[in-house]
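Here is a friendly walk through one protein model, written for reading beside the coordinates. Keep the viewer open as you go.

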Amino acid sequence: MGFYKVLPSSLRYHGQDALTYSSSDQLSIGSVVVVPLQKQEVPGIVVSKDTKPQFATRSIIRVVSPDPLPPALLDLLKWIRNYYPAPLGSINSQFLPSSLVQTPKKEPEPVKSRAKRPHPLPNLTTEQKTVLKTIAGQAKSGSSWLLHGETGSGKTRIYLELAKQTMSEGKSVLVLTPEIGLVPQLAGVFSGALEAPVSVFHSNLAPATRRDTWTGILQNKGPQVVIGPRSALFSPMKNIGLIVVDEAHEPSYKQEQAPHYHALRVAAKLAELHKAKLITGSATPGVGEYYFAIAKNIPILRMEKLAIDSPHPKPDIEVVNLRDRKTFTRHPYLSDALLKALQATLNSNEQALVFLNRRGSARLVLCQNCGWQATCPVCNLPLTYHHDSHLLRCHTCGYKQTTPTRCPSCNSTDILFKSAGTKAIAEALGSMFPKATIRRFDTDNSATEKLEKHYEAIVKGDVDILVGTQMLGKGLDLPNLSLIGVINADSSLQFPDFTAEERTYQLLYQIIGRIGRGHKPGHAVIQTFQPAGPSLQAAIKKDWGAFYEAEIEQRRKFGFPPFYHILRLSVARKTQKTAELAATDLRHKLGADHYKIQIVGPSPAFYEKSRGSFHWQLVIKAKDRAELLKIIASLPASCKYDIDPINLL
Ligand SMILES: [Zn+2]
Ligand SMILES: [Zn+2]
């Protein structure tokens, strides 16, 4: 009888270390087993041999796979435990699908290649050749590259070429994509072009499929390709030679639940453990990532030319000033220019998308006459109006002030702004264009229509006007779309957060890019309070450099990432008062403990009241991330945290 330490993979496991189990089998480190945990059977990973303990042990139920997990994956698990502290059960669960406890009815089929003979790929453009040459030349010195390529410049072509090279060296390729919805399309491209087996791996697979895919990837001997969202990082691949992170700026790469990891950081660690190449691709790289690439000498590869010439490369972009009320004669949020463009689109039987900034429901104090806006003197972020107390408040640092009754700049009394919702906009459009088919879709509200449900009707062009807060999926090709109207392009209306400007730039870039790629000459009408705003102007000119310079300066000036590491702490209580008290208490405790940190707040969370509780938060800033890890270790269980948050809402 042998004894083994096993990490149980279950969210119910709250212990801080591996548990000891007995087994009559000889097990190697990294073996995946099924163990009893309380009254359940859960998968687990054997992490070490143990001596016979003093206490009674339960025995391992069975061994899931004769192959142990690759050593690099075990090292990754160890690293995550230190870098993203979280309940151990939640970390282990990233690595093992829970369906591993079910015994398959038949042996899972080995992963296999789908294409008999790979399709020929389009010729490389001059720019693509240059990029590949640069990578080949630098492959020895650095193993990481940031591929900054415009939409349509052919980043996927680069990935495929590198994948082919990697496979010819007998190594495997991991490709990450931000949305599960984009996985099938990308998998099609890879399996069409490569001879190696291509697996898709994500959490939406049926449990049995997920288990069989997982086992297939583990047991596969030769080079293979695995494609999936961030969770694919934990698939049991051996011998990885290349990791691709596509659309690397997308917020979905950050996990909102514990462990709060960011896929880019984990991908970099995994690449290091495998000594693999890492390529992160984006048309609009994250400001923080770009800054680090420069600081750490990670080569930035630029691709600016369209791989395939578009018949309509220059979209027609019209900017409407929301302050110029003379141009809003028919509706307070729908400018005459937008309505005219909509009419023209309907007349020619084409499709229009009317876009509202997500989370545009915060009440902000903004002069509708001159554009003055109440902002926090500490964080430079918009203040939010609180109806109950009639106060203006910063949701990042807690700064508050009384609400002015007149604009300090022009003396107008028209200073409160609340953006319209999709419902109001869709209804207004319905009465103005009674013959048009109008569909509304939102990301935030699950009760309203999801875009996917009407996918076919939308693609066929049966829907005339789409109204939504969700940008159309990148893989969605709408041949009939010719107009995009943006109701409110201003980042400050989107949400009061340090990443708002960056998100706005990315969004506008995407909107303008989509219109420019269409089958029809495209037209965009962008309504804004700040027609000369740097993000908007940079997006229109596709001048990413100008945007980056302006944005990084703001981050530096107001002490946000990448210049500080951030930890967000939040407490929930039954009343506003007790939540504020608990957050204040926590602040005093942390302040007394001599960490090298800055404590910002307490402040009410942006979503102050949810699930019957009031939420207050503290934002901790540190130059040294290790200080934040020390704080996490000392937190009371009732305090929630997010390390390296990508927003503070
Ligand atoms: Zn004013
Ligand atoms: Zn503030």
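What follows covers a metal site, a helix pair and some buried residues.

This is a predicted model, in which local features need pLDDT of at least 70 and side-chain atom pairs count only at pLDDT 80 or more, while totals for chains, interfaces and linings use all residues. Residues are numbered from 1 along each chain as its sequence is written, chains are lettered from A and ligands numbered from 1 in the order in which they are written, and side-chain values use heavy atoms, leaving out hydrogens and water.

**The zinc site**

Let us begin with the zinc ion (ligand 2), whose protein donors are the SG atoms of Cys376, Cys379, Cys394 and Cys397, 2.3 to 2.4 Å from the metal. Donors here are N, O and S atoms within 2.8 Å of the metal (3.2 Å for Na, K and Ca); water is not among the atoms, so sites may look incomplete. The angles among the four donor atoms run from 103 to 114°, and the site is tetrahedral (for four donors, all angles between 85 and 135 degrees). For reference, ideal angles for four tetrahedral donors are 109.5 degrees. Along the sequence, the donor residues follow the spacing C-x2-C-x14-C-x2-C. Cys379 and Cys397 link distant parts of the chain, 18 residues apart. Both Cys379 and Cys397 are buried, meaning under 20% relative accessible area (1.4 Å probe, protein chains only).

The loops that hold this pair are set out below.

| Residue | Strand before the loop | Strand after the loop |
|---|---|---|
| Cys379 | strand 16 (364-365) | strand 17 (384-386) |
| Cys397 | strand 18 (391-393) | strand 19 (400-402) |

Strands (E, at least two residues) and helices (H or I, at least four) are DSSP runs, numbered from the N terminus.

**Helix 1 and its surroundings**

Helix 1 (residues 71-83) packs on helix 7 (residues 263-274) at an angle of about 140°, with the axes 10 Å apart. Residues of helix 1 that meet helix 7 include Trp79 and Tyr83, and their partners in helix 7 include Arg265 and His274.

Leu74 also lies in helix 1. Leu74 is buried, with a relative accessible area of 15%. Leaving aside residues up to four places away in sequence, Leu74 touches Ile29, Gly30, Ile45 and Leu69, where contact means heavy atoms within 4.5 Å. Leu74 and Ile29 are 45 residues apart in sequence, yet their C-alpha atoms are 9.2 Å apart in space.

**Helix 2**

Helix 2 (residues 88-95) is largely enclosed by the rest of the structure, because seven of its eight residues are buried. Among them are Leu88, Ile91 and Phe95. The buried residues of helix 2 pack against strand 1 (2-8), strand 4 (40-50), helix 1 and helix 6 (207-219).

Methods:
Four donors count as tetrahedral if all angles lie between 85 and 135 degrees; four count as square planar and six as octahedral if opposite donors are over 155 degrees apart and all others between 65 and 115; anything else is irregular. Buried means under 20% relative accessible area, exposed over 50%, partly exposed in between (1.4 Å probe, protein chains only). Axes are lines fitted to C-alpha atoms, for helices over the stretch in contact, and angles run from 0 to 180 degrees between N-to-C directions.
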